[in-house]
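Subject: The structure we talked about

Hi,

Here is the structure I promised to send over. Have a look at it first, and then read on for what turned up.

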Amino acid sequence: MTYFDDFLVDSMDELIDMINGLGFVPFFENDIEGFSLEEHITQACWYTGSDPWEAWWWKGPVIQKTKCAYGKFLRNKAMYISAKWFPDFANFRRDGYDFDARFEDGLASYDDRYLFELIDENSPILSKPLKRLGNYGKGGRKGFDSSITRLQKQCYVITNDFKFATDKQGNEYGWGIAEYTTPEKFFGKKFTDKVYKRTPEESYEKVFKHFKKILPGVEDKWIEKILK
């Protein structure tokens, strides 16, 4: 039993209500049964085998309308986090470090620093031009996927929007292409004034208590597993 059981998403507005109401909405099924958009969306809005697949097409507009954080925050899977809850979530995931301090203390690799600085200096930037700029690909740098996933998990990088390729008639097609930024650039002072306001331990406890509220009956060990 979760508070998610009160939601059945059949429109973008209903997804926005879900994000604003619950604070944390994983996109896909995960270790906690019932804790995802996938399990609380009508089949017609999920995957029907033909375009458009609404849940995918909504991602960019939802990010822009709600100003929520979106990224691979949940065991390498995507999750929406409302602007209200993201500063505390980022604080404990960063362990109180901004990226420069993390690198100086030997807690971040040179590869991660290289990619983080590319994004920070060119934000917002789509993944394809980002890879070209960083010389990722055949004969160039390796490890893009590992670094971009790690930077999202640690909350130094989030998704700013999704853009679609267009055909000669201007029709959008295919999967949305992720556009990356940093929370500092995306949220501005609403984030920077709050992210390190508490200790990482205090932020974790605050988020943990909220998860206990929205996931009543779920054992602590499962909440701890997805938060860490």
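A pocket, as I use the word here, is an open set of grid points with protein on both sides within 12 Å along at least five of seven lines, and its lining residues are those with an atom within 4 Å of a point. Please keep in mind that this is a predicted model.

With that in hand, the largest pocket has 24 lining residues, and those nearest its centre are Lys59, Lys72, Phe162, Ala178 and Tyr180. The space in this pocket comes to about 490 Å³. Two or more lining residues come from each of β2, β3, α7 (127-133), α8 (144-153), β5 and β6 (172-181).

Next, the small sheet. Three strands make up an open sheet, ordered β1-β3-β2, with antiparallel pairing. The edges are held by β1 (24-26) and β2, each of which has a single partner strand, so one side of each has no neighbour in the sheet. On average, neighbouring strands in this sheet are turned by 35° against each other, direction ignored.

The pair β2 and β3 deserves a look of its own. These antiparallel strands are joined by four bridges, and Tyr70 has Tyr80 in β3 as its bridge partner. Two residues lie between the strands of this hairpin, where Arg75 has a positive phi near 50°. As for burial, five of the six residues of β2 are buried, which leaves the strand mostly covered.

Two helices are also worth opening in your viewer. In α3 (residues 59-66), the buried residues are Lys59, Gly60, Val62, Ile63 and Thr66. Viewed down the helix axis, the buried residues of α3 fall within an arc of 165°, so they line one face of the helix. Among the elements covering them are α1 (12-22), α2 (54-57), β2 (69-74), β3 (77-81), β5 (158-166) and α9 (183-187). Lys59 therefore turns up twice, as a buried residue of α3 and among the residues nearest the centre of the largest pocket. Just after α3 comes Lys67, with a positive phi near 55°.

Helix α4 (residues 86-94) is mostly covered, with nine of its nine residues buried. Charged-looking names are on that list too: the buried residues include Asp88, Arg93 and Arg94, along with Phe86, Phe89 and Phe92. Asp95 follows α4 and has a positive phi, near 60°.

Happy to go through any of this with you.

Best wishes

Methods. Residues are numbered from 1 along each chain as its sequence is written. This is a predicted model: local features need pLDDT of at least 70, side-chain atom pairs count only at pLDDT 80 or more; totals for chains, interfaces and linings use all residues. Side-chain values use heavy atoms; hydrogens and water are left out. Buried means under 20% relative accessible area, exposed over 50%, partly exposed in between (1.4 Å probe, protein chains only). The arc is that of the directions from the helix axis to the C-beta atoms. Contact means heavy atoms within 4.5 Å. Two strands pair if DSSP finds at least two bridges between them. Axes are lines fitted to C-alpha atoms, for helices over the stretch in contact, and angles run from 0 to 180 degrees between N-to-C directions. On a 1 Å grid over the protein atoms alone, a cavity is a set of points where a 1.4 Å probe fits but cannot get out, and a pocket is an open set with protein on both sides within 12 Å along at least five of seven lines; lining residues have an atom within 4 Å of a point. Grid points are joined across faces, edges and corners, and a volume is the space filled by probe spheres set on the points.
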